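Hi,

Here is the model I promised to pass on. Have a look at it first, and my notes follow below.

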Amino acid sequence: MNNQNSFSQITTIIIDDDKEIISVFTEYLQLHGIATLGIGHDGKSAVELYQKIKPYVVFLDVLMPDYDGFYGLKKIKQFDPDARVIMMTADLTQETHHRLVSFGASSIIHKPFEIEEVIMVINRMTQLEVVNN
C-alpha cells in the first residue's frame, strides 16, 4: 500500500532520546511522503518545536531524561488542545496508559513497533478528520 500521495501534506516532529530511533523513523516516514520538520530529545524541546513549527502530528517518546514525554504532552495540549500527539513507549503499565489518555494523547504506540502500525495510526487520524469535517 503506497500512501505517499495521501500523506504528502502531513508534517511531523519526532521527539526521542534515542538518536538511532529518530534516524530510522524519519527515513521510514519520508518513504511514505511524511515530512519531518524537526527533531528533539526531551519533552521541553517537544514543546518548543511544536510552538514554532505547529506540525500536523507529533511523535513523542514517553521515557526520556530531564523533561519526559508526560511533560511534553501536557504542555503541548495546554498550548493547543487540538494537537495530534502520538505517544511512543515501551512501558505497558496501566498507570502509564491512563496517564497518557488523561493528558490527551491522540494515540499510543508500544515499542518495539512496526512502521506499518504507525502508518495505520496516521491513516485512521486523517480518515477521522475527513469524516468529522
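**What I found**

Let me start at D66, which sits in the loop between β3 and α3 (69–79). (Helices and strands here are DSSP runs numbered from the N terminus: H or I over at least four residues for a helix, E over at least two for a strand.) D66 is not a glycine, yet its phi is positive, at about 65°. The residue counts as exposed because its relative accessible area is 73%. For that label, exposed means over 50% relative accessible area, buried means under 20%, and partly exposed is in between, with a 1.4 Å probe and protein chains only.

Before you read on, a word on where this comes from. It is a predicted model, so to speak of local features I need a pLDDT of at least 70, and side-chain atom pairs count only at pLDDT 80 or more, while totals for chains, interfaces and linings use all residues. Residues are numbered from 1 along each chain as its sequence is written, and side-chain values use heavy atoms, with hydrogens and water left out.

How confident is the predictor in the protein chain? The mean pLDDT is 91, and 92% of the residues reach 70 or more (pLDDT is the predictor's confidence in each residue, from 0 to 100). Residues 1–5 have a pLDDT below 50, and beyond near neighbours in sequence this stretch makes 7 contacts in the model. A contact, here and below, means heavy atoms within 4.5 Å. Where pLDDT is low, the predicted coordinates should not be read in detail.

**The chain as a whole**

The protein chain has 5 helices and 5 strands, and along the sequence they run β-α-β-α-β-α-β-α-β-α. Its radius of gyration is 14 Å, close to the 14 Å that the globule rule gives for 133 residues, so the chain is as compact as a globular protein of that length. (That radius is taken over C-alpha atoms, and the rule is 2.2 Å times the number of residues to the power 0.38.) Along the principal axes, the C-alpha atoms fill a box of roughly 35 × 35 × 30 Å.

Of the 133 residues, 45% count as buried. Among the contacts with a separation of 6 or more, 67% are between residues 24 or more positions apart. The accessible surface is about 7400 Å², with 51% of it belonging to carbon and sulfur atoms; the method is Shrake-Rupley with a 1.4 Å probe, and for residues only the protein chains shown count as cover.

As for charge, there are 11 positive and 18 negative side chains, and the centres of the two sets lie 9 Å apart. Lys and Arg are the positives, Asp and Glu the negatives, and His and the chain ends are not counted. Each charge is placed at NZ of Lys, CZ of Arg, CG of Asp or CD of Glu.

**Buried spots**

Is I14 buried or exposed? I14 is buried, with a relative accessible area of 0%. It lies in strand β1 (residues 11–15). Not counting residues up to four places away in sequence, I14 touches I22, F25, T26, L29, T36, G38, I39, G40 and F59. The C-alpha atoms of I14 and F25 are separated by 8.3 Å, with their positions 11 residues apart along the chain.

F25 turns up again with V118, a residue of helix α5. V118 counts as buried at 0% relative accessibility, and, leaving aside neighbours within four places, V118 is in contact with F25, L29, F59, I109 and F113. V118 and F25 are 93 residues apart in sequence but 9.7 Å apart in space, C-alpha to C-alpha.

M125 is also found in helix α5, and counts as buried at 11% relative accessibility. Its contacts, with residues up to four places away left out, are Y56, V57, R84, I86 and S106.

**Loops and backbone**

The peptide bond from K111 to P112 is cis, with omega near -5°. Where is P112 found? P112 is in the loop between β5 (107–110) and α5 (115–132).

K54 is another non-glycine residue with a positive phi, near 50°, and is placed in the loop between α2 (43–53) and β3 (57–61). K52 lies in helix α2 and counts as exposed at 70% relative accessibility. From K52 to G38, C-alpha to C-alpha, the distance is 9.8 Å.

Cheers
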